[in-house]
Amino acid sequence: IKEHRFMQDMLSEDSLTAVRSLLSRIVYVTFSVEAIGAVFLYFSSKSISDEVSFSFIFHCIFHSVSAFCNAGLSSFSSGDYLEYFNVTYFSSVIMLLIVIGGIGFPFIANTIDYLEHRLIKRKGRKYGAFSVSSKLVGITSLVLLLSGTVIFYFLESHLLFKDLSTAKGLFHSLFASVTSRTAGFSTIDI
């Protein structure tokens, strides 16, 4: 019973039924996002053949889970993924997974509720507005990502990015800004 009370307090829920419902929603969203991320990583392959390799599927699942959980672990040695994946597409999926995983479940749940209300317009439900905490998390995350991107780009534009186009430099700056907050992935030698 202590565990039930602890979960109720930790998740700010009044009943044990609400705690179970919330936990099942968290597990469902987590596995769904990670599975979708693994599929997108699979399709970021440079050459998708008819032959499906268990090893390649493992790499896709591993990187999806690692990015969503903000672990920053890679099953490839430094730069080895370059021969398997389209770097821009692969890195974009990794960035998206890092941001979704790092932004927190309350924000994700609030966004899902908002989209359900706006797109489906379910009757009998409260208006799906963003909570104050979700607005704060969203705006703060956006400001940190954009300012980190701009600062990193201007600091490295004449050094690390001198041989890259502006678009590629900004892309690598965005990746560095996203991953340096929590995840630790890298697309360039820093």
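# Close-up views of a seven-helix predicted model

Of the 190 residues in the protein, 33% are buried. The model shown in these views is predicted.

**Figure 1. The whole chain is made of helices and loops, with seven helices and zero strands.** Along the sequence the elements follow the order α-α-α-α-α-α-α. Among contacts between residues at least 6 apart in sequence, 59% join residues at least 24 apart. The count of disulfides comes to zero. Two cysteines can be located in this view: cysteine 60 is buried, because its relative accessibility of 3% is under 20%. Cysteine 69 has a relative accessible area of 49% and is partly exposed.

**Figure 2. Helix α3 packs against helix α4.** The axes of α3 and α4 come within 7 Å and cross at roughly 40 degrees. This angle makes α3 oblique to α4. On the α3 side the contact is made by His63, Ser64, Ala67 and Phe68. On the α4 side Phe90, Ile94, Leu97, Ile98, Ile100, Gly101 and Gly102 take part. Sorted by class, the residues of the contact of α3 with α4 are seven nonpolar, four polar and no charged.

**Figure 3. Serine 64 sits in helix α3.** Serine 64 has a relative accessible area of 0% and is buried. Leaving aside neighbours within four places in sequence, serine 64 is in contact with Val33, Glu34, Gly37, Ala38, Leu41 and Leu97. Of these, Leu97 also belongs to the contact of α3 with α4. Glutamate 34 is 30 residues from serine 64 along the chain, yet their C-alpha atoms are separated by 5.5 Å.

**Figure 4. Histidine 59 is another residue of helix α3, which spans residues 54-68.** Histidine 59 counts as buried, at 15% relative accessibility. Not counting residues up to four places away in sequence, histidine 59 touches Ser75 and Phe76.

**Figure 5. Asparagine 70 lies in the loop between α3 and α4.** Most residues other than glycine have a negative phi. Asparagine 70 is not a glycine, but has a positive phi of about 60 degrees. With a relative accessible area of 14%, asparagine 70 is buried.

**Figure 6. Helix α4 (residues 87-103) runs beside helix α7 (residues 166-181).** The two axes come within 10 Å and cross at roughly 30 degrees. Because this angle is under 35 degrees, α4 is roughly parallel to α7. The crossing in which α4 passes α7 is left-handed. From α4, the residues in contact are Thr88, Ser91, Ser92, Ile94, Met95, Ile98 and Val99. From α7, they are Phe171, Leu174, Phe175, Val178 and Thr179. The contact of α4 with α7 holds eight nonpolar, four polar and no charged residues. Ile94 and Ile98 of α4 appear here and also in the contact with α3.

**Figure 7. Helix α6 (residues 132-156) packs against α7.** The axes of α6 and α7 are 8 Å apart, and the angle between them is about 130 degrees. This angle makes α6 oblique to α7. Here α6 passes α7 in a right-handed crossing. The residues that α6 brings to the contact are Ser141, Leu144, Leu145, Gly148, Thr149, Phe152 and Tyr153. They meet Thr166, Gly169, Leu170, Ser173, Leu174, Ala176, Ser177, Val178 and Arg181 in α7. By class, the contact of α6 with α7 has eight nonpolar, seven polar and one charged residues. Leu174 and Val178 of α7 take part in this contact and in the contact with α4.

**Figure 8. Phenylalanine 105 is in helix α5, which covers residues 105-120.** Phenylalanine 105 is buried, with a relative accessible area of 15%. Residues up to four places away in sequence aside, phenylalanine 105 touches Leu22, Arg25, Ile26 and Val29. Valine 29 is 76 residues from phenylalanine 105 in sequence, and the two are 8.8 Å apart in space, C-alpha to C-alpha.

Definitions and conventions
Residues are numbered from 1 along each chain as its sequence is written. This is a predicted model: local features need pLDDT of at least 70, side-chain atom pairs count only at pLDDT 80 or more; totals for chains, interfaces and linings use all residues. Side-chain values use heavy atoms; hydrogens and water are left out. Axes are lines fitted to C-alpha atoms, for helices over the stretch in contact, and angles run from 0 to 180 degrees between N-to-C directions. Helices (H or I, at least four residues) and strands (E, at least two) are DSSP runs, numbered from the N terminus. Angles under 35 degrees count as roughly parallel, over 145 as roughly antiparallel, 65 to 115 as roughly perpendicular and the rest as oblique. A crossing is left-handed if the near helix is turned anticlockwise from the far one by less than a right angle, and right-handed if clockwise. Contact means heavy atoms within 4.5 Å. Ala, Val, Leu, Ile, Met, Phe, Trp, Tyr, Cys and Pro count as nonpolar, Asp, Glu, Lys and Arg as charged, and the others, Gly among them, as polar. A disulfide is a pair of cysteine sulfur atoms within 2.5 Å. Buried means under 20% relative accessible area, exposed over 50%, partly exposed in between (1.4 Å probe, protein chains only).
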